[in-house]
Amino acid sequence: MRYNLTKHKILKVLADKLTSGMSDDGKAEGVIVVPKKEIINLIGKNKKLYAVIISELSACNEIKYLESSDSFIIETNIGLSAYSNKKYLDKNWGIILGWLKNFAQIFIPIVSLFIAAMALWIKIEMQNDMQNNKIQEIESRIESIEKLEYKKQESTKNDGIDTLNLR
């Protein structure tokens with residue numbers, strides 16, 4: 001990703017230098033090269049990164065190294081086209097969108113599974129609560145029925161005892 005952004009920056013610097021050194025009729029006038037030191041400053045002191053980026057841009061004929069002046073120049077047709085069409089920015093966005101797509105393809109099913117498990121757990125808990133409430137209701141009814149039955153038995157025992165014979 002960083003490579004693509006750096007390639008675009010290099011092409012921008014080279015394109016700006018080329019267009020600033022052109023006359024009104026499109027011919028090169030003045031200095032249209034960018035010194036190697038300026039390109040190195042854009043990339044940083046990382047030699048591997050410099051080698052990779054410059055070799056890729058050179059392989060695509062987008063830039064050209066001029067040994068005599070130790071500088072770079074943009075290949076007018078291909079390099080300007082790559083810069084103006086934002087070739088490397090588009091590649092960068094392609095990478096980002098690919099990562100997002102992969103993330104979504106992994107993340108969404110996992111979240112869906114989690115939500116389904118939570119919904120199932122909540123439903124089971126609600127049913128357990130409802131059943132516990134019904135059990136408590138039935139137990140309270142049984143208890144009240146037992147109390148009534150006990151009272152009936154007590155009253156029938158008391159009815160059988162003759163209070164007049166109690167002396």
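Guide: Two rings of Phe, Tyr or Trp (for Trp, its six-membered ring) make an aromatic pair if their centres lie within 6.5 Å; planes under 30 degrees apart are stacked, over 60 edge-to-face, and the rest tilted. This is a predicted model, where local features need pLDDT of at least 70 and side-chain atom pairs 80 or more, while totals for chains, interfaces and linings use all residues. Residues are numbered from 1 along each chain as its sequence is written, and side-chain values use heavy atoms, without hydrogens or water.

Visitor: How many aromatic pairs does the structure hold?

Guide: One pair joins Tyr 65 and Phe 72. Another joins Phe 103 and Phe 107. The total for the structure is 2.

Visitor: Is Phe 72 buried or exposed?

Guide: Phe 72 pairs with Tyr 65 at 5.1 Å centre to centre, with 55 degrees between the planes, a tilted pair. Buried means under 20% relative accessible area, exposed over 50%, and partly exposed in between (1.4 Å probe, protein chains only). Tyr 65, at 32%, is partly exposed. Phe 72 has 1% relative accessibility, so Phe 72 is buried.

Visitor: Why is the pair of Phe 103 and Phe 107 called stacked, and what is the angle between their planes?

Guide: Both residues lie in helix H5, 4 residues apart, about one turn of the helix. Helices (H or I, at least four residues) and strands (E, at least two) are DSSP runs, numbered from the N terminus. Phe 103 is exposed at 51%, and Phe 107 is partly exposed at 41%. The ring centres are 5.0 Å apart, and the pair is stacked because the planes meet at 10 degrees.

Visitor: What accessible area do the residues of the nonpolar surface patch have together?

Guide: A patch takes residues with over 30% relative accessible area and no salt bridge, joining like charges within 9 Å and nonpolar side chains (Val, Leu, Ile, Met, Phe, Trp, Tyr) within 5 Å. Met 126, one of the members, sits in helix H5, residues 87-160. Phe 114, Ile 115, Met 118, Trp 121 and Ile 122 are also in the patch, and together with Met 126 their accessible area is about 650 Å².

Visitor: Which residue in the loop between helix H3 and strand E2 has a positive phi?

Guide: Helix H3 covers 47-59 and strand E2 covers 63-66. The residue in question is not glycine, and its phi is near 60 degrees. With a relative accessible area of 45%, it is partly exposed. Its name is Asn 61.

Visitor: And what is the phi of Lys 86?

Guide: Lys 86 is in the loop between helix H4 (76-84) and H5, and is partly exposed at 45%. Its phi is positive in a residue other than glycine, near 55 degrees.

Terms used. Areas by Shrake-Rupley, 256 points an atom, 1.4 Å probe, with all protein chains shown as cover. Salt bridge = Lys/Arg side-chain N within 4 Å of Asp/Glu carboxyl O.
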